[in-house]
Amino acid sequence: GDFTWGNRFELGYMTEEKTGWQTVIWNLNGPNTGFVNAQHINFDPAGLAQLSVLDQFAYDSLNIATLSSFELNKVWRRKEFHDFSVLDLLIGFRHIQFNDYYRRSVTTKGETGDADLWTIIYDNQLANFENMMYGGQFGGRWFNQRGHWLLSVDLRMFALANNQMFTQTIE
């Protein structure tokens, strides 16, 4: 499981003819997930000519993901059902921005043959995924007041174009 937080705002209006407009803005962001593991693992560093012993002593990982969305919908309210529930139909435009960033870092030290001389090796890998999606959607919302409770269900289907960009840096 992962805990996160977000905000969702809906704003709209409905006319006497039971038609209207709706905009929905939401943002999901959460605590960035970090992991640090300090350990000592000695192994034979085959392929590193100047090092005879390599000792990994720190591993660090950071993951950040954000998601935001904007919708603009035309809404039509259907006639109230016999149980007083209501169905709204909608069609509109949607834009979604999803970004995923991670950093992996490994710090190691190696002996160069001289017992008093150590070499610190710091490997850092950064990557950033950006997804910008936009397109059309349609769907509906059903709701019914039951005493103090308002029951509701939203269903939306959309087809989006996804512009992706990936960047990676290895240091």
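1. In this predicted model, the second largest pocket is lined by Glu10, Leu11, Gly12, Tyr13, Met14, Trp21, Gln22, Val75, Arg77, Asp88 and Arg141. The elements that each contribute two or more residues to this lining are strand 1 (5-14), strand 2 (19-29) and strand 5 (53-77), and the largest share, five residues, is supplied by strand 1.

2. As for the character and extent of this second largest pocket, five of its lining residues are nonpolar, two are polar and four are charged, while its volume comes to about 150 Å³. As general background, empty space is revealed by rolling over the atoms a probe the size of a water molecule.

3. Which elements make up the chain as a whole? The chain contains eight strands and zero helices, so that, read from the N terminus, the order of its elements is β-β-β-β-β-β-β-β. When contacts between residues at least 6 apart in sequence are considered, 65% of them join residues that are at least 24 apart.

4. Turning to burial and surface, 26% of the 171 residues in the chain are buried, and the chain exposes about 11700 Å², of which carbon and sulfur atoms supply 60%.

5. The largest nonpolar core consists of five residues, namely Val24, Trp26, Leu67, Ile96 and Met133. One of these core residues, Val24, also deserves a look for its wider surroundings: leaving aside residues up to four places away in sequence, Val24 touches Arg8, Phe9, Glu10, Ser69, Phe70, Glu71 and Arg156. Of these contacts of Val24, Glu10 is also one of the residues that line the second largest pocket.

6. Two backbone angles are worth checking by eye. Most residues other than glycine have a negative phi. Lys18, which is not a glycine, nevertheless has a positive phi of about 60 degrees, and this residue sits in the loop between strand 1 and strand 2. Is Lys18 buried, partly exposed or exposed? Lys18 counts as partly exposed, because its relative accessibility is 45%, a value that lies between the 20% and 50% cut-offs.

7. The other such angle belongs to Phe84, a residue other than glycine whose phi is positive, near 70 degrees. Phe84 is located in the loop between strand 5 and strand 6 (86-111). With a relative accessible area of 59%, Phe84 is exposed, because that term applies over 50%.

Note on methods: Residues are numbered from 1 along each chain as its sequence is written. This is a predicted model: local features need pLDDT of at least 70, side-chain atom pairs count only at pLDDT 80 or more; totals for chains, interfaces and linings use all residues. Side-chain values use heavy atoms; hydrogens and water are left out. A nonpolar core is a set of buried Ala, Val, Leu, Ile, Met, Phe, Trp, Tyr and Cys residues joined through side-chain atoms within 4.5 Å. Buried means under 20% relative accessible area, exposed over 50%, partly exposed in between (1.4 Å probe, protein chains only). Contact means heavy atoms within 4.5 Å. Helices (H or I, at least four residues) and strands (E, at least two) are DSSP runs, numbered from the N terminus. Accessible areas come from the Shrake-Rupley method with a 1.4 Å probe; for residues, only the protein chains shown count as cover. On a 1 Å grid over the protein atoms alone, a cavity is a set of points where a 1.4 Å probe fits but cannot get out, and a pocket is an open set with protein on both sides within 12 Å along at least five of seven lines; lining residues have an atom within 4 Å of a point. Grid points are joined across faces, edges and corners, and a volume is the space filled by probe spheres set on the points. Ala, Val, Leu, Ile, Met, Phe, Trp, Tyr, Cys and Pro count as nonpolar, Asp, Glu, Lys and Arg as charged, and the others, Gly among them, as polar.
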